[in-house]
Amino acid sequence: MPHFTVVPVKDQAQSSYDSLEGINWVDYRDTGQENHDHHDTVSSDGHGSHKEDSPFLNSADAASKKNDFYDRNLALFEEELDIRPKVSSLLSRLVNYTNITQGAKEHEEEESTEASRRKTPKSPNMGTLMGVYLPCLQNIFGVILFLRLTWIVGMAGIMQSLLIVLMCCSCTMLTAISMSAIATNGVVPAGGAYFMISRSLGPEFGGAVGLCFYLGTTFASAMYILGAIEIFLKYLVPQAAIFHATDPLSNDSAMLNNMRVYGSICLILMAVVVFVGVKYVNKLASLFLACVIISIVSIYAGAIKSMTHPPEFTICMLGNRTLVRDRFDVCAKTVMEGNISVPSQLWHRFCLAENISSAQCDDYFIQNNVTEIQGIPGLGSGIISDNMWGNYLQKGEILEKAGLQSVDAHGTMENFGMYASADIATSFTLLVGIFFPSATGIMAGSNRSGDLRDAQKSIPVGTILAITTTSLVYFSSVVLFGSCIEGVVLRDKFGDAVRKNLVVGTLSWPSPWVIVIGSFFSTVGAGLQSLTGAPRLLQAIAKDNIIPFLRVFGHGKSNGEPTWALLLTGLIAELGILIASLDMVAPILSMFFLMCYLFVNLACAVQTLLRTPNWRPRFKYYHWALSFLGMSMCLALMFISSWYYAIVAMGIAGMIYKYIEYQGAEKEWGDGIRGLSLSAARYALLRLEVGPPHTKNWRPQLLVLLKLDEDLHVKYPRLLTFASQLKAGKGLTIVGSVVQGNFLDSYGEMQAAEQAIKNMMEIERVKGFCQVVVASKVREGIVHLIQSCGLGGMMHNTVVMGWPYGWRQSEDPRAWKTFINTVRCTTAAHLALMVPKNVSFYPSNHERFTDGNIDVWWIVHDGGMLMLLPFLLKQHKVWRKCMMRIFTVAQMDDNSIQMKKDLATFLYQLRIEAEVEVVEMVRAPVTYLFSFQ
């Protein structure tokens with residue numbers, strides 16, 4: 001069974017050694033052979049002085065160009081020498097760095113390397129208006145403004161609707177400020193938010209949030225498609241419906257099935273358009289933008305006109321209940337035919353017989369009158385006072401107008417379909433989640449930074465102006481809708497009370513069709529843009545190669561079109577379309593966008609607080625407090641909108657983060673998390689300097705001395721196995737070795753030795769640091785390691801070294817003298833010393849002991865360290881099932897029974913379970929010259 005050995009020490013002269021387990025002695029000294037290699041050498045000029053032919057350079061013609069290498073490069077930047085230009089060409093490249101067109105345009109021409117290099121890059125000529133402001137407007141304005149904002153105002157009231165708009169727009173404005181700081185700190189290529197976050201917070205955060213942003217963009221395309229199909233089936237061509245309701249209660253399910261069928265067809269058509277060529281989408285962008293602007297202008301024009309000539313849209317009310325207007329012709333119980341009063345169509349809907357006197361009618365219909373009120377009273381009607389506060393409804397609740405006289409009577413369920421009712425239960429939090437997608441789209445300008453004439457100026461100005469414009473439109477629209485439209489019409493989501501007209505269309509001028517057609521084309525355009533942008537975002541993530549299973553999506557057609565990414569995007573968007581409800585899809589994409597914006601704010605705050613030298617944004621109007629406020633608002637909106645969706649989104653991001661971390665994303669982007677880690681490490685090290693650790697916190701902090709063979713392979717890897725089992729990933733482990741020779745000559749060997757040790761540490765699962773020193777004598781190198789390893793309070797307190805095998809038979813006296821010198825130096829430094837013997841027979845990390853004993857010979861009081869070591873070993877799965885036995889030695893005059901009791905009590909106080917054995921010494925007493933420190 002492996003054991004630890006305590007050896008007596010006598011003062012010996014300092015020596016070196018050759019055959020120690022665990023200590024490296026590889027002789028790299030000059031053998032006297034002539035080196036004819038001109039690479040990495042120092043030559044002589046014949047006068048005893050040396051000059052460098054090619055310092056640290058591996059250039060074949062270095063020797064023939066001795067007079068030219070000073071002009072070519074510097075050895076300090078060896079890795080850049082082959083591509084390092086002269087100053088003039090360097091400045092030219094820096095000026096033209098933003099010439100690369102990005103996003104969709106970068107795939108319009110085939111990626112022919114020779115041809116593209118010969119082409120003169122086009123000068124970026126987009127200004128703030130065309131490059132940032134209008135694209136942001138087009139992305140922010142969307143389906144929610146035309147299809148849901150009137151309904152939100154009706155349910156929440158003007159005051160709470162203004163609060164919803166204020167919360168969402170404030171969140172995006174604060175995010176835009178942070179984004180402007182990040183975007184003006186460098187060039188943002190394709191990928192937009194993903195690029196900003198990954199280069200600021202590292203590949204783990206970048207990959208997690210990048211995929212969330214991708215999912216948000218993909219679900220946004222599904223939301224826009226559902227909005228377009230809703231406009232098509234509800235307002236443009238209702239006759240195109242495939243599924244029809246057999247009764248009023250099954251109307252919703254029929255509509256959902258129609259949405260699924262037409263939505264899938266529309267998605268396929270849009271995907272084909274994107275696949276054929278993005279240039280067609282780009283050409284139609286101006287048309288879609290014009291539709292948005294014309295639609296918004298028509299709303300304002302209709303609101304102004306309503307002050308003097310409100311549009312004629314009457315609502316039929318039965319008591320105070322709102323009736324579905326397209327189910328009958330005349331809003332009256334009877335109509336006059338000649339001089340005879342006959343039942344109307346409305347009468348037949350509520351009554352069974354033709355005869356008015358003997359008819360069996362609905363009780364509510366009999367006891368209440370039918371009246372008509374104006375659906376659009378106009379801006380000067382004073383209706384704003386009725387719409388000031390919210391009126392949330394439960395699913396199936398009938399839309400009622402407060403103030404109208406009504407007799408409460410129980411009506412039959414057969415007539416329920418005659419009333420306009422709420423299709424879903426509403427609340428403030430639900431409306432926040434539905435409205436937030438209408439505030440997204442602020443990244444459109446930053447994604448085009450390479451096409452801008454002056455990106456440093458255009459991105460902040462254009463984005464903030466676009467958010468300001470859209471916020472003003474939303475605020476004014478809320479007030480106008482509440483001031484012009486009757487409350488029951490506002491709460492009527494699909495316009496059932498106004499003959500199936502789009503509610504916002506009833507206010508527009510000159511015709512409701514302006515809004516219907518304009519909103520249809522704008523939603524189609526927004527869906528196409530989302531289907532265009534999402535695959536390229538996924539392609540950017542895949543090309544960074546931080547998520548291995550996404551690598552296939554980095555490939556595409558010969559011209560770079562992301563074919564596979566488009567296919568995956570279509571499949572995910574189909575999942576959103578199968579949900580078939582705009583009100584259910586909107587909160588999902590709200591979660592993903594809010595998480596993306598949260599990390600944009602976090603990235604800006606971290607970079608600002610760390611004050612990294614590279615953080616020099618041209619946009620100066622930012623502050624870490626604003627970024628933290630924006631981050632807090634994003635988090636609050638996530639849980640306000642839907643706490644369970646928020647948890648799911650954060651869980652998805654967390655799993656992606658841990659997956660990237662587990663796979664080991666070997667990317668060094670100079671991110672802020674690394675800087676944050678350095679700051680935290682500095683703070684922790686300074687705290688550790690306050691004083692020595694308390695006894696309760698003491699654990700072995702190991703310095704493991706390794707030996708390498710002539711091929712720089714670890715000679716005794718079981719020392720690392722023992723260290724990993726003893727530490728189990730906790731505490732400090734430093735693995736050290738010594739390369740004998742001169743530092744200037746042996747620098748390459750030192751690096752190779754360090755890499756070999758790191759590889760073995762990874763194999764043996766040792767979490768720690770590697771330290772290799774070059775010294776003229778191995779003995780001196782060991783002394784340097786014992787003195788200088790660690791930093792501040794993170795210093796080793798235990799040295800682990802191998803036992804010197806064959807030192808008696810060795811002809812070299814250094815074999816045992818260096819061992820003795822190491823023991824003396826460890827003692828002088830007041831460090832504990834562990835010398836595992838027969839370490840080659842120690843179990844590997846893959847073995848398991850099902851039984852057995854760990855024996856400890858406790859012969860000298862050492863403060864409990866001999867008790868602690870087996871306890872720590874038992875924490876590892878290799879030794880977990882082993883029993884622990886403590887042996888102690890009793891001399892002739894000792895009471896062995898009392899010693900056993902005392903030792904058992906001591907172990908009980910230490911909370912260590914072990915068997916106690918007392919060995920009685922019958923011969924002369926033993927003198928101990930050394931004990932553990």
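What covers the buried residues of α4? I started my notebook there, keeping in mind that this is a predicted model.

**Helix α4.** I looked up residues 128-140 and found G131, V132, Y133, L134, P135, C136, L137, Q138 and I140 listed as buried. Their cover includes α10 (278-305), α14 (455-484) and α17 (512-543).

**Overall counts.** I get 28 helices and 16 strands for the protein. Buried residues come to 49% of the 933. Taking contacts between residues at least 6 apart in sequence, I find that 79% join residues at least 24 apart. The exposed area is about 45700 Å², with carbon and sulfur atoms supplying 58% of it.

**W509.** I went to the loop between α16 (503-507) and α17, where W509 sits. W509 has 43% relative accessibility, so I put it down as partly exposed. Leaving out neighbours within four places in sequence, I noted W509 in contact with S298, A301, G302 and K305. I also checked C-alpha atoms: W509 and V297 are 212 residues apart along the chain, yet separated by 8.8 Å.

**Salt bridges.** How many salt bridges does the structure hold? I count 11.

I looked first at E400 and R321, whose side chains meet at 4.0 Å, N to O. This pair links distant parts of the chain, with E400 in the loop between β8 (370-374) and α13 (428-435) and R321 in strand β5, 79 residues apart. Is R321 buried or exposed? R321 is buried, at a relative accessible area of 12%, while E400 is partly exposed at 35%.

Next I took E661 and K658, a salt bridge at 2.6 Å, N to O. Both are in helix α21 (residues 643-663), and because they are 3 residues apart, about one helical turn separates them. I have both down as partly exposed, E661 with a relative accessible area of 38% and K658 at 49%.

Then came R885 and D855, which meet at 2.8 Å, N to O. Here the link runs between strands, R885 in β15 (residues 883-890) and D855 in β14 (residues 853-857), 30 residues apart. R885 is partly exposed at 24%, and D855 is partly exposed at 30%. I also found one network of salt bridges with shared partners, joining R148, E230, D423, K493 and D583.

**Positive patch.** Last, I looked at the surface and noted a positive patch formed by R765, R848, K877 and R880. R765 lies in the loop between α24 (743-763) and β11 (769-775). The cut-off for exposed is over 50%, so R765 counts as exposed at 57% relative accessibility.

Key:
Residues are numbered from 1 along each chain as its sequence is written. This is a predicted model: local features need pLDDT of at least 70, side-chain atom pairs count only at pLDDT 80 or more; totals for chains, interfaces and linings use all residues. Side-chain values use heavy atoms; hydrogens and water are left out. Helices (H or I, at least four residues) and strands (E, at least two) are DSSP runs, numbered from the N terminus. Buried means under 20% relative accessible area, exposed over 50%, partly exposed in between (1.4 Å probe, protein chains only). Contact means heavy atoms within 4.5 Å. Accessible areas come from the Shrake-Rupley method with a 1.4 Å probe; for residues, only the protein chains shown count as cover. Patches are made of residues with over 30% relative accessible area and no salt bridge: like charges are joined within 9 Å, nonpolar side chains (Val, Leu, Ile, Met, Phe, Trp, Tyr) within 5 Å. Lys and Arg count as positive and Asp and Glu as negative; His and the chain ends are not counted. The place of a charge is taken as NZ of Lys, CZ of Arg, CG of Asp or CD of Glu.
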